[in-house]
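Q: I'm new to this one and would like a close look at a single part, with enough of the surroundings to make sense of it. Could you take me through it slowly and explain the terms as you go?

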Amino acid sequence: MYGCQQGLIKNPENVPFLEYLCTTANKLINCGIYLARQWYFKLGYITGKYNLEKELKSNKNYQFLHSQAAQQTLRGVAEAFKSYKELSKKYNKGELADKPQLPKYRKKGGMGVITYPKQALKLE
């Protein structure tokens with residue numbers, strides 16, 4: 001199930017900034033996926049909820065976004081890896097027909113979903 005909220009942009013001057021925010025979120029997602037995949041392949045470790053945030057705080061994409069939005073973006077990556085771990089357990093027990101795959105990288109130049117908390121926004 002997918003959720004979508006349509007936002008109508010009344011001022012076209014805001015479009016380039018919003019596109020830059022979304023491409024930055026996409027880059028941050030790819031950084032998180034890269035780090036989580038490296039941990040999985042080299043250490044056999046599935047990342048926890050806060051580990052990616054701790055490691056990527058110095059990343060320029062993380063620093064550009066509002067901190068809570070960046071944290072939420074990386075938590076989505078951690079959740080995808082946690083889901084992979086649970087699906088792998090079910091597959092090994094024989095409860096799933098298809099073998100799950102690790103989360104893949106997003107397309108370069110694409111736009112990622114960015115979520116801002118209510119306290120970080122001001123409606124004008």
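A: What follows is a walk along one helix, and then a look at what lies around it.

A quick word on the ground rules: this is a predicted model, so local features need pLDDT of at least 70 and side-chain atom pairs count only at pLDDT 80 or more, while totals for chains, interfaces and linings use all residues. Residues are numbered from 1 along each chain as its sequence is written, and side-chain values use heavy atoms, with hydrogens and water left out.

Let's get our bearings. The protein chain has 4 helices and 0 strands, giving the pattern α-α-α-α when you read along the sequence. Helices here are DSSP runs of H or I with at least four residues, strands are E runs of at least two, and both are numbered from the N terminus. Along the principal axes, the C-alpha atoms fill a box of roughly 55 × 35 × 30 Å. Of the 124 residues, 31% count as buried. Buried means under 20% relative accessible area, exposed means over 50%, and partly exposed is in between, using a 1.4 Å probe and protein chains only.

Our part is helix H1, which covers residues 15–43. Three of its residues make good stops. Take Thr23, which is found in H1: at a relative accessible area of 19%, Thr23 is buried. Its C-alpha is 5.9 Å from that of Gly110, although the two are 87 residues apart in sequence. Another stop in H1 is Gly32, whose relative accessible area is 0%, so Gly32 is buried too. Gly32 and Val77 are 45 residues apart along the chain, with 6.5 Å between their C-alpha atoms. Then there is Tyr40, also in H1, which is partly exposed at 26%. From Tyr40 to Leu102 the step along the chain is 62 residues, and their C-alpha atoms are separated by 9.5 Å.

Next, how does H1 sit against helix H4 (residues 67–93)? Two packed helices are described by the angle between their axes and the distance between the axes. The axes of H1 and H4 come within 9 Å and cross at roughly 40°. Axes are lines fitted to C-alpha atoms, for helices over the stretch in contact, and angles run from 0 to 180 degrees between N-to-C directions. H1 and H4 are therefore oblique to each other. The cut-offs go like this: under 35 degrees is roughly parallel, over 145 roughly antiparallel, 65 to 115 roughly perpendicular, and the rest oblique. The crossing of H1 and H4 is right-handed, meaning the near helix is turned clockwise from the far one by less than a right angle, whereas anticlockwise would make a crossing left-handed.

H1 also has a share in the surface. Ile9, Phe17, Leu18, Tyr20 and Phe64 form a nonpolar patch there, with about 470 Å² of accessible area together. Patches are made of residues with over 30% relative accessible area and no salt bridge; like charges are joined within 9 Å, nonpolar side chains (Val, Leu, Ile, Met, Phe, Trp, Tyr) within 5 Å. The areas come from the Shrake-Rupley method with a 1.4 Å probe, and for residues only the protein chains shown count as cover. H1 gives the most to this patch, with 3 residues. Phe64 belongs to helix H3 (residues 60–64) and is partly exposed at 37%.

Now for H4 and its charged side chains. The structure holds 2 salt bridges, a salt bridge being a side-chain nitrogen of Lys or Arg within 4 Å of a carboxyl oxygen of Asp or Glu. In one of them, Glu53 and Arg75 meet at 2.8 Å, N to O. This pair links distant parts of the chain, with Glu53 in helix H2 (residues 51–56) and Arg75 in H4, 22 residues apart. Glu53 is buried at 6%, while Arg75 counts as partly exposed at 23%. Another salt bridge joins Glu86 and Lys89, whose closest N and O atoms are 3.9 Å apart. Glu86 and Lys89 are 3 residues apart in H4, so about one helical turn separates them. Glu86 is partly exposed at 39%, and so is Lys89 at 43%.

Finally, Asp98 lies in the segment after H4 and is exposed at 64%. Asp98 and Leu121 are 23 residues apart along the chain, with 42 Å between their C-alpha atoms.
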